[in-house]
Every structure is written in structure tokens, then in C-alpha cells.
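Let's take a friendly walk through this structure together. Keep the sequence and the 3D view open, and look up each residue as it comes along.

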Amino acid sequence: QVQLVESGGGLVQAGGSLRLSCAASGRTFNTYTMGWFRQAPGKEREFVAVIRSSTGSIYYADSVKGRFTISGDNAKNTVYLRMNSLKPEDTAVYYCAASRSGLPTITRGYDYWGQGTQVTVSS
């Protein structure tokens, strides 16, 4: 099965930046659709961004458009989420996920999940 490991989370002040990484087993980035989701305590897991390398397709949630950038590196089999102009409301555990096909924006559209990395934005 596909194994995903997130890293790069941490504590940052509002207006700052972080770059999250998701290392995948095999050649997952090249083969699968890769998505980022986030979940704050007591809240539902919500879609952030998605990329499918084979088609070059990218889609962002309205809440992060213009601030976040999703990208990948085939050689490193890694997907990234560059987060700029961070706000306190961006605070959440961020999860990487892989889907066999399409460009899903809902959690049930994904087959594999990482354990998450904490992002905390202070005001």
C-alpha cells in the first residue's frame, strides 16, 4: 500500500510562511492524485489543495487561493504545500492524501492518508 509521511509543520507568527512536505512510497506522486487537507480540533477535515502530476491539474480551496501553492518533485517522490501570508485560522493538523484517480476535493475521494503535521499560527 501507499505510505505517506508529512513534515515541515511548526509554530509561526501571522503573516509568516511554512513549507510542508509529504514523502510518498514508490512513485506515488507521479502515479496518484495528491491532496492536502487540514483539521482543527473539533472540526471536520477540510480540503486545502490537490494536484495530479500526469495532467498538470491543480485546484485550491477558496480560503487559501493566492496564499498557498501545491507542487511536487517526481525525483524525490514528494508533494509540497508552500503556505504564505499565514493567518491564525490556518492553524490545524495538515494531512497529505493520495487518490487513485480524478481531482477529488472530499475526504472520501482519497485512498491513503498520512499521520499529519501540526501548523500553529500565532496572532
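Start with Leu20, whose bridge partner in β8 is Leu81. The model you are looking at is predicted, and this pair of leucines is a good place to enter it. The contact between their strands goes well beyond one pair, since β3 and β8 are joined by six bridges and run antiparallel. As general background, strands of a sheet pair through backbone hydrogen bonds, and they can do so in a parallel or an antiparallel way.

Now widen the view a little. Strands β1, β3, β8 and β7, in that order, make up an open sheet of four strands with antiparallel pairing. At the edges are β1 and β7, each of which pairs on one side only. If you compare neighbouring strands of this sheet, they are turned against each other by 15° on average, with direction ignored.

How much of strand β3 is covered? Five of the seven residues in β3, which spans 18-24, are buried, so "mostly covered" is a fair description because buried means under 20% relative accessible area.

From β3, step across to the edge strand β1, residues 4-7. Four bridges join β1 to β3, and the two run antiparallel. Val5 is a handy landmark in strand β1, and its bridge partner in β3 is Ala23. Leaving aside residues up to four places away in sequence, Val5 touches Ser21, Cys22 and Ala23. Is Val5 buried or exposed? The answer lies in between: Val5 has a relative accessible area of 48%, so it counts as partly exposed.

The other edge strand is β7. Six bridges join β7 to β8, again in antiparallel fashion. Along this pairing, Gly72 stands opposite Val79 in β8. The loop between β7, residues 68-73, and β8 holds Asn77. This residue has a positive phi of about 50° although it is not a glycine. Asn77 counts as buried, because its relative accessibility is 8%.

Follow the chain through β8 and you come to the loop between β8 and β9, where Ser85 is found. Ser85 is another residue other than glycine with a positive phi, here near 50°. With a relative accessible area of 41%, Ser85 is partly exposed.

Leu86 lies in this loop too, between β8 (78-83) and β9 (92-99). What is the relative accessible area of Leu86? It is 1%, so Leu86 is buried. Which residues does Leu86 touch, if those up to four places away in sequence are not counted? They are Val12, Ala14, Gly15, Gly16, Ser17, Leu18, Arg67, Phe68 and Val121.

Phe68 in that list makes a useful reference point for distances. Leu86 and Phe68 are 18 residues apart in sequence, and their C-alpha atoms are 9.0 Å apart in space. For Val5 and Phe68, 63 residues apart along the chain, the C-alpha atoms are separated by 20 Å.

Next, turn to the aromatic rings. How many aromatic pairs does the structure hold? There are six. One of them is formed by Tyr32 and Tyr112, with an edge-to-face arrangement: the centres are 6.1 Å apart and the planes make an angle of 85°. This pair links distant parts of the chain, 80 residues apart: Tyr32 is in the loop between α1 (28-31) and β4 (33-39), while Tyr112 is in strand β10, residues 112-113. Tyr32 counts as buried because its relative accessibility is 19%, a value under the 20% limit. Tyr112 counts as buried as well, at 15%.

There is also an aromatic cluster to find, made of Phe37, Phe47, Tyr59, Tyr110 and Trp113. Trp113 leads us to the last stop, Arg45. The charged end of Arg45 sits over the ring of Trp113, 4.9 Å from its centre. Arg45 also lies over the face of Tyr95, at 3.7 Å from the ring centre.

To retrace the route, go back to the sheet with its order β1-β3-β8-β7, pass through the loop that holds Leu86, and finish at Arg45 over the ring of Trp113.

Terms used. Residues numbered from 1 in each chain as written. Predicted model: local features only at pLDDT ≥ 70, side-chain atom pairs only at ≥ 80, totals over all residues. Heavy atoms only, no water. Buried < 20%, exposed > 50% of the residue type's maximum accessible area, 1.4 Å probe, protein only. Contact = heavy atoms within 4.5 Å. Phe/Tyr/Trp six-rings, centres within 6.5 Å; stacked < 30°, edge-to-face > 60°. Lys NZ or Arg CZ within 6 Å of the ring centre and 35° of its normal. Pairing = 2+ DSSP bridges. Axes fitted to C-alpha atoms, helices over the stretch in contact; angles between N-to-C directions.
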